[in-house]
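Here are a few notes to read alongside the model. I have set them out as numbered points, so feel free to take them one at a time.

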Amino acid sequence: MRAFVITAPGEGSVQEVEAPRVEPGEVVVDVERVGICGTDLEFHTGHMAYLRSGHARYPMRIGHEWMGTVSAIGHGVDPGWIGRRVMGDTMLGCGRCRRCLRGNQHVCEERQEVGIRGHRHGALAEQLTVPATSLHALPDAIDPAAGAMVEPGGNALRAVQGADLSPGDRVLIMGPGTIGLLCALFARAAGAEVHVLGLPGPDLEFARSLDLANAWTQDTLPDLPLDAVIDAATSPDLPAWALSRVEPGGRVVFIGIAGEPSRLDSRDLVLGDVTAVGVLSASPALEETIALYAAGTVDPRPLIAATISLDGVAGVLAGNRPKRAGTSTESWTAASGGGAGVGPKIHIDPRLRGDLG
């Protein structure tokens, strides 16, 4: 089958690889849609921390935001999965340790992460194998585009849940990329007054196109009391700044990861009676995300700028914006968002052929 393989920093291509063989307890999925995210870009550049820790190594087959149809099952798997449209949890715990037994498999020390950690192949391929226990069925109301947005949506939903918003609360979301914008949509659906913070330019323009009118830079942000702040950006300076802006008794949620350590003064947390929440994974919120998408409460599809083939992945990871994603002359990167007037997310359909499908 065809799969995208990263062989070294800056080097990746579509290769013919052996088709997956189904193992006991696992399924083979015919992949229909995959999203590219900032983690994939970090593997392509060689900056991903797991490459240094030994949790990942080249060659890498990336892709963890996916949906598809189950085409084969291994021994011990319910035959009812055959033909089902599914997405899957990225985090695959050992199932035996204290964390897994308490429902926290997403922080299992021995976990695999699809397309990320533990040498578990990712979904930028025509087929994928995953444990049946990681599957989540998709209802007919969720099309392939929305199905591949469940995983990032689950991360965003958990961040909004961590902010513990009530109707009328004011929340600032820092970073108008995919996760930040999904946070904004979920927070708005919860009845919050949503404000978005970003750099001047097309990312904020796109946020406003989603009827997120309160889109600001640090220079233009009004001096308003903030009940919660969600940091979905990647600047090491923003966590401390967020803490300085949230109301006493408020909450700050950290879901963005900077490339270097951030510094916080814990005295500001204590004296402000501020609750700090970290969010790693979508795992605990996948079913609720599916339900909210299916009900139409949140529609993630406007964030998708283009759907291209595997042949276009190398160009996207190298920072080239697909032509079908708009006419902006600015380069696109998975970490920084999209160009003027279009969304930040690029999807891959492995069934397509040609650079842009």
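1. Let me begin with a pairing between strands: Asp30 has Thr69 in strand 4 as its bridge partner. This is a predicted model, so please read the points below with that in mind. Strand 3 and strand 4 run antiparallel to each other, and eight bridges join them.

2. Strand 4 also pairs with strand 5 (residues 85–88); here the sense is again antiparallel, over two bridges. Gly68 is the residue that stands opposite Val86 in strand 5.

3. Next, a look at helix 1, which spans residues 38–45. Which of its residues are buried? They are Asp40, Leu41, Phe43 and His44. Because these residues cover an arc of only 160° around the axis, they fall on the same side of helix 1. As a reminder, an α-helix has 3.6 residues a turn, so residues three or four places apart point the same way.

4. What do the buried residues of helix 1 pack against? Their partners are strand 1 (2–8), strand 2 (11–16), strand 3 (26–36), helix 2 (49–53) and helix 11 (313–317). Right after helix 1 comes Gly46, with a positive phi near 90°.

5. Some backbone details deserve your attention if you plan to look at torsions. The peptide bond between Tyr58 and Pro59 is cis, with omega at about 0°. Pro59 belongs to the loop between helix 2 and strand 4 (65–73).

6. Positive phi values also turn up in residues that are not glycine. Asp164 has a phi near 55°, and its place is the loop that links helix 5 (150–163) with strand 10 (170–174). For Asp211, phi is positive at about 65°. Asp211 sits in the loop between helix 7 (202–209) and strand 12 (215–216). Is Asp211 buried or exposed? Asp211 is exposed, as its relative accessible area is 64%.

7. Now for the parallel sheet. Six strands make up this open sheet, in the order 12-11-10-13-14-15. Strand 12 and strand 15 (275–278) are at the edges and have a single partner strand each, so one side of each lacks a neighbour in the sheet. At one of these edges, two bridges join strand 12 to strand 11 (residues 193–197) in the parallel sense, and Val196 has Ala215 in strand 12 as its bridge partner.

8. Helix 8 (residues 238–245) lies across several strands: strand 10, strand 11, strand 13 (226–231) and strand 14 (246–254). The angle between helix 8 and strand 14 is about 155°.

9. How many aromatic pairs are there? The count is one. In this pair, the ring centres of Phe186 and Tyr293 are 6.3 Å apart and the planes meet at 10°, so the rings count as stacked; the cut-off for stacking is under 30 degrees. Phe186 is in helix 6 (residues 178–189) and Tyr293 in helix 10 (residues 286–295), so the pair ties together parts 107 residues apart in sequence. Both rings belong to buried residues: the relative accessible area is 4% for Phe186 and 6% for Tyr293.

10. Finally, a contact between a charge and a ring. The charged end of Arg117 sits over the ring of Tyr50, at 5.4 Å from the ring centre.

Terms used
Residues numbered from 1 in each chain as written. Predicted model: local features only at pLDDT ≥ 70, side-chain atom pairs only at ≥ 80, totals over all residues. Heavy atoms only, no water. Phe/Tyr/Trp six-rings, centres within 6.5 Å; stacked < 30°, edge-to-face > 60°. Helix = DSSP H or I, 4+ residues; strand = E, 2+ residues; numbered from the N terminus. Buried < 20%, exposed > 50% of the residue type's maximum accessible area, 1.4 Å probe, protein only. Lys NZ or Arg CZ within 6 Å of the ring centre and 35° of its normal. Arc of directions from axis to C-beta. Contact = heavy atoms within 4.5 Å. Pairing = 2+ DSSP bridges. Axes fitted to C-alpha atoms, helices over the stretch in contact; angles between N-to-C directions.
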